[in-house]
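Visitor: Could you take me slowly through one part of this structure, a single helix and whatever comes directly after it, and then set it beside other elements of the model?

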Amino acid sequence: MKQRLENSFYTKDEMIYYIFEEYGEQIKRLIFTYVKSYSQTDDLFQEFLMKTYQNLDQFQARSSLLTWLYRIAINVCKDFLRSPINRLFLLNDQVKTFKKVESAEKQYFVRTDYIEMVEAILSMPIKYREVFVLRFYKGLNMKEISETLKVDESTIRSRIQRGRKMLRKKFGGDLIE
Amino acid sequence: MNEKQLRNAFDEYIGTRQLKTNYDKERLNQWKERGFVKRRRYQIVPQVLTVILFFGIIGGLFTWFSSMNSQSAPSNSIVDYQVGNLPLYEIYELNPKYEQLYIDLIEYFISLDEANFLSHPAKKYAEETIKYLYSMESGNKNIASSYLVSPEEHLNQAMEFYQSVSTYEVTVTDIKRISDNKIAIGLKFVNGDETIHRIIHLIENSSLQFIDTRDLGISY
């Protein structure tokens with residue numbers, strides 16, 4: 001796909017549909033970890049598609065396509081989270097969403113330590129949460145996280161360390177090693 | 001802890017059903033055809049809330065400033081301010097004698113206030129009196145009748161008197177409380193060589209009103 005984008009073998013429409021089909025699901029799940037609301041995830045996913053479509057020409061094959069897409073999605077989420085009015089809506093929606101998720105999950109899944117761990121990670125402040133999500137959910141390495149977030153690798157490491165401390169406080173022991 | 005299990009836990013937590021739907025694709029198509037379409041809920045409501053919030057803050061500040069001003073104004077100070085739709089300064093422009101009369105009235109009423117005889121600030125009585133006299137002089141029956149307790153016949157007679165005094169000086173001769181809710185205000189009109197004494201009785205009901213006596217000399 002990199003090659004395709006770089007050499008413009010395909011039209012922008014073809015490219016955006018390819019991205020939608022190939023990466024849409026994982027991008028939406030990433031967005032959810034930021035906003036924790038299904039309806040807001042839908043809206044932000046549309047914004048992501050729009051921005052990606054508009055910026056397809058700017059993609060350079062220096063970084064991986066997925067990292068580039070993650071960066072766009074994360075910027076969209078952060079823009080949304082910065083807006084004070086949307087914060088108000090998010091808080092309201094979040095309460096409803098969590099109730100819904102909890103009851104649904106209880107019916108279909110046995111609650112495990114892992115689910116509790118995910119809950120704890122998603123309730124961390126954004127700057128810690130995002131490195132945990134990218135590292136342990138999306139499976140990115142330090143370099144890729146650094147490229148995605150535009151933050152030094154050393155900063156990423158220290159955030160992971162601090163995040164681990166928070167989790168240790170909550171659960172005790174070394175849960176994520 | 002197993003990273004794979006943690007990854008699965010993320011997926012389970014977010015939901016096992018697919019988040020990407022055909023609706024997303026439809027919206028994408030719509031946007032490409034007509035521009036980006038956001039859900040109405042989020043498009044309209046924040047704007048409406050912002051407008052309500054804006055006007056709420058403006059209204060709140062206005063109310064707060066109004067209450068601060070009314071609290072900070074000394075109750076017996078001699079100040080001009082608007083009474084109903086008729087500002088005192090406009091009355092002074094039309095007849096400068098009222099300005100001095102207002103000051104005299106204030107002084108008399110303050111002396112009553114010091115004796116705890118008044119239930120309103122002194123300036124309130126003075127202003128209402130000036131407004132009453134002006135409404136009579138200007139011949140505005142609607143306003144004048146709202147000040148006068150007496151029947152219409154009495155209103156006509158009183159109005160006739162005030163309108164006949166074309167060039168005059170008016171001074172307060174005395175102000176006394178004569179019953180629980182009645183204050184007598186003695187006024188002296190000098191119209192050329194002619195001196196006319198007049199008493200108006202100020203009634204302390206919910207809105208201050210008057211009983212205007214005819215030319216009777218000073219007696220209560």
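Guide: Let us begin where a helix ends: in this predicted model, α6(B) is followed by B:G139, a residue whose phi is positive, near 75°. The helix that leads up to this glycine covers residues 122–138 of chain B, and because a rise of 1.5 Å a residue implies a span of 24 Å for its 17 residues, the 24 Å found between its end C-alpha atoms agrees with what is expected. As for its surroundings, 15 of the 17 residues of α6(B) are buried, so the helix is largely enclosed by the rest of the structure.

A helix of chain A can be read in a similar way. Helix α4 of chain A, residues 65–82, has 18 residues and reaches 26 Å from its first C-alpha to its last, close to the 26 Å expected at 1.5 Å a residue. The buried residues of α4(A) are A:W68, A:L69, A:Y70, A:I72, A:A73, A:I74, A:V76, A:C77 and A:F80. When reading such a list, it helps to recall that an α-helix has 3.6 residues a turn, so residues three or four places apart point the same way.

Chain B also contains an open sheet of four strands, in the order β3-β4-β5-β6, with antiparallel pairing. Its edge strands are β3 (169–179) and β6 (209–212), each of which pairs on one side only, and the twist from one strand to the next averages 25°. At the β6 edge, strand β5 of chain B, residues 194–203, pairs with β6(B) in the antiparallel sense over four bridges, and B:I200 has B:D212 in β6(B) as its bridge partner.

Methods:
Residues are numbered from 1 along each chain as its sequence is written. Chains are lettered from A and ligands numbered from 1 in the order in which they are written. This is a predicted model: local features need pLDDT of at least 70, side-chain atom pairs count only at pLDDT 80 or more; totals for chains, interfaces and linings use all residues. Helices (H or I, at least four residues) and strands (E, at least two) are DSSP runs, numbered from the N terminus. The expected span of a helix is 1.5 Å times one less than its number of residues. A residue is buried if 20 or more other C-beta atoms lie within 10 Å of its own, exposed if 12 or fewer, and partly exposed in between; C-beta atoms are placed from the backbone. Two strands pair if DSSP finds at least two bridges between them. Axes are lines fitted to C-alpha atoms, for helices over the stretch in contact, and angles run from 0 to 180 degrees between N-to-C directions.
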